[in-house]
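Welcome! Please take a moment to look over the sequence and the model, and then read on for a guided walk through a few of its parts.

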Amino acid sequence: MSVRRVMGTEVEYGISVQGQPAANPMVASSQIVNAYASSTARARRARWDFEEESPLRDARGFDMARQVADPSQLTDEDLGLANVILTNGARLYVDHAHPEYSSPEVTTPLDVVRWEKAGEQVMLDASRMAAQVPGSTPILLYKNNTDNKGASYGAHENYLMRRSTQFAEIVRHLTPFFVSRQVVTGAGRVGIGQDGRDTSPERGFQISQRSDYFEVEVGLETTLKRPIINTRDEPHADPAVYRRLHVILGDANLAEISIYLKAGTTALVLAMIEDGFIDRDLSVEGAVNSLREVSHDPTLQQLITLRDGRRITAVQLQLEYLELARKYVEDRYGADADEQTVDVLARWESVLTRLERDPMECAAELDWVAKLKLLNQYRDRDGLDWDDAKLHLIDLQYADLRPDKGLYHRLAGAGRIRRLLDDAAIEAAMHDPPVDTRAYFRGRCLDKYADSVAAASWDSVIFDLPGRESLQRVPTIDPLRGTRAHVGELIDRSETAQALVAAITR
């Protein structure tokens, strides 16, 4: 494989009610999701089907007991919170105290960008719709990862992998990559520590919003004792064939190139792990501490100690993965490598080369560099120290989804941050599903047969049909079936859900 594989992202958004700092975030999040659901009849009826979910199954070969699990891990329980399935195949719901958008399954890094950016627009529209409810107070949404009061919320990635790949090999080769990946994918943050209170002159800014919240190298939890490698074994596909790697340490990116490289470089490393191509041990001594130390040094001079005794920077460690990836693609594909794989390799090399020379050269592509450049401009102009409250506000405003208020959007609008997609492509992805995964079937059914879809999940669509005593479940266990090529013509000619199900089950 190359950069192509089944992938997706889940982003929890920061939320606040304007002028009401004590407002209940679960209520506000429900208002956001319900406002969007009310905007379209297609979103009102279908519920999320939890039957096939197994969040306590561990890739190391056991199931965690429910009685010892933190309540936040019990994602297979229907708590009655707002939950909507969208016609683009995505899920929009309340995850504890945050509104969350889970993208549909896609197969390329560029499509990861497209449907994740579509999620930003869905959230923005939802906040506008919520503000139109009589008597409501504006609800503000932020694509970030921390409230700087000690709480962090996630931006998760999901990658389907071969079940035959030994999990120990995934841990061995992926941990060093994740420790160093933040130099490309970090969103940047004012303050050190979980509460962000350390803002001493030489330690006022760090590369990643998430790194300070990780405590162990490997584990099942996602909100407590967060691990660099998460072991949840919930493939949402045939478990004999696939495992789903659930990545929880990434930042919520706004810059399209940051998202693109996050998905593309990770997909390449996973391909090398699956094929047993990585021929060297890049293991890091004290991975958790190294993760934090790298984040705390935006000069990128912090040295990481490898188990073989070498001491190198995170950029140099990334360059080793890049070298391996270039050899891998040349060995497996040669001149037949697909366009996105070639592009990911070229952009990865370009970014790392410039980061090593001067990080500020990447201010038009990477979130953390763009944010640091902006903050330094304010610091230089107004003589601000890192502990000045204004800098924390600028940090937050970078992530504001409102195009007239959010500093990312203003930079992008001024051409100071490069983009990969135009607005029209992103707007279409708000409503249209990807054509090359099972999300196509899910989304088209929600669009065409809304009144007949009782429930859906990643691996099934459930119909409530007239004359049938029981609900009709159509499994979608294979993520690469249910595509436009497989079912597009069938859906086009089936005027009713009854006709569609009859044709499928014939």
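The paragraphs below visit a strand and its partners, a buried arginine, a helix and a cavity.

Before we set off, keep in mind that this is a predicted model. Let us begin with strand 8, which spans residues 98–102. This strand is mostly covered, with five of its five residues buried. Both of its faces are covered: His98, Glu100 and Ser102 lie on one side, while Pro99 and Tyr101 lie on the other.

Which strands pair with strand 8? One of them is strand 1 (residues 7–12), which runs antiparallel to strand 8 and is joined to it over three bridges. Here glutamate 10 sits opposite serine 102 of strand 8. Strand 7 (residues 91–95) also pairs with strand 8 in the antiparallel sense, this time over five bridges. In this pairing, leucine 92 has tyrosine 101 of strand 8 as its bridge partner. Strands 7 and 8 form a hairpin with two residues between them, and in the turn you will find histidine 96, with a positive phi of about 60 degrees.

Next, find arginine 442, which lies in helix 12. Is this arginine buried or exposed? Arginine 442 counts as buried, because its relative accessibility is 1% and the cut-off for buried is under 20%. Its side chain reaches the backbone oxygen of glycine 89 at 2.8 Å. Leaving aside neighbours within four places in sequence, the contacts of arginine 442 are Ile85, Gly89, Glu105, Ala456, Ser457, Trp458 and Val461.

Helix 12 (439–448) leads us on to helix 13, since what covers the buried residues of helix 13 includes helix 12 and helix 14 (497–505). Helix 13 itself covers residues 484–493, and its buried residues are Val487, Gly488, Leu490 and Ile491. A general point is useful when looking at a helix: an α-helix has 3.6 residues a turn, so residues three or four places apart point the same way.

Our last stop is the empty space inside. How many cavities of 30 Å³ or more does the structure hold? There are three, and the largest has a volume of about 70 Å³. Helix 3 (residues 167–185) gives the most to the lining of this largest cavity, with four residues. Among the lining residues are Phe178, Arg181, Ser208, Asp251 and Leu291. Sorted by class, the lining has three nonpolar, six polar and two charged residues.

Definitions and conventions
Residues numbered from 1 in each chain as written. Predicted model: local features only at pLDDT ≥ 70, side-chain atom pairs only at ≥ 80, totals over all residues. Heavy atoms only, no water. Buried < 20%, exposed > 50% of the residue type's maximum accessible area, 1.4 Å probe, protein only. Contact = heavy atoms within 4.5 Å. Pairing = 2+ DSSP bridges. 1 Å grid on protein atoms, 1.4 Å probe; cavity = no way out; pocket = protein on both sides within 12 Å on 5 of 7 lines; lining within 4 Å. Points joined across faces, edges and corners; volume = space filled by probe spheres on them. Nonpolar A, V, L, I, M, F, W, Y, C, P; charged D, E, K, R; others polar. Polar contact = N/O pair within 3.5 Å; in protein donor to acceptor, adjacent residues only side chain to side chain.
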